[in-house]
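Work through these exercises with the structure open beside you. Try each task before you read its solution.

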Amino acid sequence: MRHIISILLENEAGALSRVSGLFSARGYNIESLTVAPTEDASMSRMTIVTTGSEDVVEQITKQLNKLIEVVKVVDLSEAEHIERELMLIKVRASVKEREDMKRMADIFRGRVIDVSDNTYTIELTGDCRKLDAFIQTLDAGAIIETVRTGASGIGRGNRVLRV
């Protein structure tokens, strides 16, 4: 099962390395990882997407809580949450293909953010299923380059990750 683990940790050198090292030392895979400072510059929020059984994720959570830099750990997948990912995708867009590419971007609520003689760069946000669906609708030969951030997530309603 896919899990989104959100971690509040002290913003200091080596913290990211220790968290990712915990995963690799135990043979757990990280599908995506995002990290950035929070509104409090001394804290960072890390979002890790991984797969595993409930027991595996419980074990990961217990191990994460043992790390000195980790302040709080929440498995967002346990309750209602909002999840988004950013994708930048560069596609072939010759004069005759431009209208179709623009229409496809509009259908998926994307934006063309860069135009050259033969390419469009499109920005899309959404959950991973939406971004995957966009890629699937394109001809594989049309895709030149793809960059994805990985998931970021937040609990819905009153559910917060704070000290």
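**Exercise 1. Place strand 9 in its sheet.**
Find which residue of strand 9 stands opposite H81, then sort the strand's faces.

*Solution.* This is a predicted model. Start at H81: the residue opposite it in strand 9 is G155. Now widen the view. Strand 5 (residues 81-92) and strand 9 run antiparallel, and 4 bridges join them. Next, take the faces of strand 9 (residues 152-155). G153 and G155 lie on the covered face. S152 and I154 lie on the uncovered face. In a regular strand, side chains alternate between the two faces of the sheet.

**Exercise 2. Find the buried side of helix 4.**
Which residues of helix 4 (residues 128-137) are buried?

*Solution.* Buried means under 20% relative accessible area. In helix 4, C128, L131 and F134 are buried. They sit on the same side of helix 4, because they cover an arc of only 125° around the axis. Now turn to the face away from that buried side: R129 and Q136 are exposed there. Last, look at what covers the buried residues. The cover includes strand 1, strand 5, helix 3 (98-107), strand 7 (119-126) and strand 8 (143-148).

**Exercise 3. Map the largest nonpolar core.**
Which residues touch the most other members of this core?

*Solution.* The core has 15 residues, and I5, I7, V19, F23 and L64 touch the most other members. Two or more residues come from each of strand 1 (2-10), helix 1 (15-25), strand 3 (43-51), helix 2 (54-66) and strand 4 (70-75). Helix 1 gives the most, with 4 residues. Now zoom in on F23. Beyond its neighbours within four places in sequence, F23 is in contact with I5, Y28, N29, I30, I48, T50, I60 and L64. A second, separate core has 14 residues, including I89, A105, F134 and A142.

Terms used. Residues numbered from 1 in each chain as written. Predicted model: local features only at pLDDT ≥ 70, side-chain atom pairs only at ≥ 80, totals over all residues. Heavy atoms only, no water. Buried < 20%, exposed > 50% of the residue type's maximum accessible area, 1.4 Å probe, protein only. Pairing = 2+ DSSP bridges. Core = buried A, V, L, I, M, F, W, Y, C linked by side-chain atoms within 4.5 Å. Contact = heavy atoms within 4.5 Å. Arc of directions from axis to C-beta.
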